[in-house]
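Work through the following exercises with the sequence and the 3D view side by side, and try each task before reading its solution.

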Amino acid sequence: MLVLLHACAAALQPATAPARTVAAASRAGRPACAAATSDAADRAKAALDAMDADVSAAEAASAAGAAFTNLNAAGPSVFPLAAVVGQEAIKTALLLCGVNPRIGGVVISGSRGTAKSVMARAVHQLLPPIEVFKDSPFNIDPESGEYDSFLKAKIDAGEIDPNALETEVIDPPFVQVPLDVLEDRLLGAVDVEKSVRTGETVFEPGLLARAHRGVLYVDDINLLDESTSNLLLEALSTGYVTVEREGLSVRHPCRPLLIATFNPEEAELREHLMDRIGVCLSADAEPVTGDDRLEAVNRALEFSRNPPEVVQRFDETTESMRTSIIFAREYLKSMKLERAQQKYLCEEAVRAGVQGHRGELFAIEVARANAALAGEERVSSTDLQMGVRLCIAPRGTQISAPPEDDLMQAPPPPPPPMDQEDED
């Protein structure tokens, strides 16, 4: 900028050496006024060149700043799930939901400072990337055959071939629902500004569309507006979001991993909400020993001082969890329960006094996920007991610690392998 000011000052002072300018013009055989004009043009050109140099330098500095910003685009480090002390039942439930989203999500109750939100964000780091249609605002899975209304209309009209559409691999989304969220923001609505500008009705997807195949996190779900919570759970239970307004009908899949937390000291969670979420556990149920409490404090202090060091220390365990989820999702596709095993879960639900059938349905999905996560070929008695502990027992009473194994009836043994049946 200083170079530019000096050049401009020089351009504004043509009379400092008039004799030299006129003499030079006379020797060159040009009129004096032409020579003066030529010199001014040269000085102006020099000023413009200096300005261009300053702009280039500014752009370079801006680019350097942008590059530095992009280095932190991923945000701060996330406390690893493996580094959380205790809370084994909750961590297991989160891993199982990461394997099988049909479990229906996890709701965690607990007082302040019990790592509820920490575990919710940590499990997101374990989920594998997802493949979607490129630039799809609904995170549509190319292999699922489930499409949003806009894409389905184009496919039915023969405008596009879904097999020819370009795809991309992205990280699973993490979407947090604020307490003051409005229905339009949650489900989506017509974008009036874009509609007026383009002359066509433009639909702006909501939070549920962004959360599809990712993590949907609701903090203090007990304080969420009742109508909003009903809309949220209705969409999650059906697996679809349907919006009918302003002459527009939109339907798209919505199957995120729901993780909700609340503090029972502030308000209790409504019974019908707990019933529609697969696993309901308390972070205060398991007593914390003095040694565990000390270890938790030390890890929190270390993470606050040097997050990358803590993340690296548990990186091997974290990577093992991530790999286990990837393989378990493949094993889950062929995992089924026998009729005797389903009967056992129903009998446990009757013993616990569970109302409705969601407890057994969620317990079946937990047993399948637990068997897949363990790399088993079929569901065993241990997997059935896990389903009872996480889904049936908490529904029989208030949210509490899962019961001990010796308080349950012995589950039926797994069916014999097919080759043994043939021999018999």
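**Exercise 1.** In this predicted model, decide whether F138 is buried or exposed, and then classify F150 in the same manner.

Solution. The relative accessibility of F138 is 3%, and because buried means under 20%, F138 counts as buried. For F150 the value is 34%, which lies between the 20% limit for buried and the 50% limit for exposed, so F150 counts as partly exposed.

**Exercise 2.** Determine how the rings of F138 and F150 are arranged, and place the two residues along the chain.

Solution. A pair of aromatic rings is described by the distance of the centres and the angle of the planes. The count of aromatic pairs in the model comes to 5. For F138 and F150 the ring centres are 6.4 Å apart, within the 6.5 Å limit, and the planes meet at 25°, which is under 30 degrees, so this pair is stacked. The pair links distant parts of the chain, 12 residues apart, with F138 in the loop between β2 (130-133) and α6 (149-156) and F150 in helix α6 itself. Ring pairs also bring in F203, giving a cluster of F138, F150 and F203.

**Exercise 3.** Find which residues make the nonpolar surface patch of about 290 Å², and examine I326 as one of its members.

Solution. The patch is made by I326, F327 and Y331. I326 belongs to helix α14, which covers residues 315-332. With a relative accessible area of 39%, I326 is partly exposed, and this value is over the 30% needed for a patch residue.

**Exercise 4.** Identify which ring the charged end of R251 sits over.

Solution. The ring is that of Y240, and the charged end of R251 lies 3.8 Å from its centre.

How values were computed:
Residues are numbered from 1 along each chain as its sequence is written. This is a predicted model: local features need pLDDT of at least 70, side-chain atom pairs count only at pLDDT 80 or more; totals for chains, interfaces and linings use all residues. Side-chain values use heavy atoms; hydrogens and water are left out. Patches are made of residues with over 30% relative accessible area and no salt bridge: like charges are joined within 9 Å, nonpolar side chains (Val, Leu, Ile, Met, Phe, Trp, Tyr) within 5 Å. Accessible areas come from the Shrake-Rupley method with a 1.4 Å probe; for residues, only the protein chains shown count as cover. A salt bridge is a side-chain nitrogen of Lys or Arg within 4 Å of a carboxyl oxygen of Asp or Glu. Helices (H or I, at least four residues) and strands (E, at least two) are DSSP runs, numbered from the N terminus. Buried means under 20% relative accessible area, exposed over 50%, partly exposed in between (1.4 Å probe, protein chains only). Rings of Phe, Tyr and Trp (its six-membered ring) pair if their centres lie within 6.5 Å; planes under 30 degrees apart count as stacked, over 60 as edge-to-face and the rest as tilted. A charge sits over a ring if NZ of Lys or CZ of Arg is within 6 Å of the ring centre and within 35 degrees of the ring normal.
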